[in-house]
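Welcome! Take a moment to look over the sequence and the 3D view, and then let us walk through them together.

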Amino acid sequence: AASSTSIRHHSFAMTATDGSGCGCPFRGPDETSGATFERAGDAAIAGRSGIVNSGGGCPFSGGRGDAAAAPPVVTATGEVLNPRNMMPELPQTAAPGQTVSLSKDRESSTIPKAGDNVNWVYPSPQQFYNALLRKNKDPEAGDMDAVVHVHNVTNERTWQRILDWERLHARACETPTLVRFVGRSTDLSWGALWSRAFSYRGVPFDRHDWFVDRCGQKVVRYVIDYYDDPRSVERDDLQITIDARP
């Protein structure tokens, strides 16, 4: 069986209800960070070009446009990506050489999806396995149930951290929704730079940016750093600390 560390260093991110996307895989413990500083110019670059690569293979869709209405993104290789999570539609079919049968069942999240009267839906173990293969990972099919569980729990906690901030604006917006998200594992946020210099946690093992629609008034970007943390206050054995901030 895989260790808890290797399981939580796999990919996580939600999918749209059409079955597309699994987000950006976590940087595994055997990979070098190659982390870069977060640049204030990223937004300007993204605004001019539409998409800027974060350095980790996960394009950052810049600007404050409505991703719900955005057209699909076509890569240089002809691959069609969903602009809300920058992933293609993931198949529910077994991968070549796969010897373990994986569940195709998908779990709904508690996270409302901007522009739709539905919640975001998590990938099935089969979709997750195919997503990791697409990212040139070496997943164990037998670990997928545990990986998907960690993925779902972590995303739910991420949303709760965001809601902690959004409650400060409850008078203006009682029901914020998630527009889109992107992985930026190689970009160190200012919080991550501080942690690297002063905290026992060091650098995060992953970073995501989530874009939250505050009832049509504005779209707020949340920077989320995920840390391996043996002192985590969460009541489980995941040992993950989630640092989310607008």
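## The whole chain

A residue counts as buried when its relative accessible area is under 20%. With that cut-off, 50% of the 246 residues of the protein chain are buried. Please keep in mind as you read that this is a predicted model.

What does the chain show to the outside? About 11800 Å² of the protein chain is exposed, and carbon and sulfur atoms supply 52% of that area.

## Helices, strands and contacts

If you trace the protein chain, you will find five helices and 12 strands. Now consider its contacts with a separation of 6 or more: residues 24 or more positions apart account for 61% of them.

## A hairpin to look for

Find strand β6, residues 108-112, and strand β7, residues 119-121. These two strands run antiparallel and are joined by two bridges. One residue to pick out is Pro-112, whose bridge partner in β7 is Asn-119.

Together, β6 and β7 form a hairpin, with six residues between them. In the turn sits Gly-115, which has a positive phi of about 85 degrees.

## Arg-245 and its neighbours

Next, move along to strand β12, which covers residues 240-245 and includes Arg-245. Which side chain makes a polar contact with the side chain of Arg-245? The partner is Asp-225, at 2.9 Å.

Leaving aside residues up to four places away in sequence, Arg-245 also touches Trp-165, Ser-189, Gly-191 and Ala-192, among others. Its list of contacts further includes Arg-221, Tyr-222 and Val-223.

Note on methods: Residues are numbered from 1 along each chain as its sequence is written. This is a predicted model: local features need pLDDT of at least 70, side-chain atom pairs count only at pLDDT 80 or more; totals for chains, interfaces and linings use all residues. Side-chain values use heavy atoms; hydrogens and water are left out. Helices (H or I, at least four residues) and strands (E, at least two) are DSSP runs, numbered from the N terminus. A polar contact is a pair of N or O atoms within 3.5 Å; within protein, one must be able to donate a hydrogen and the other to accept it, and residues adjacent in sequence count only if both atoms are side-chain atoms. Contact means heavy atoms within 4.5 Å. Two strands pair if DSSP finds at least two bridges between them. Buried means under 20% relative accessible area, exposed over 50%, partly exposed in between (1.4 Å probe, protein chains only). Accessible areas come from the Shrake-Rupley method with a 1.4 Å probe; for residues, only the protein chains shown count as cover.
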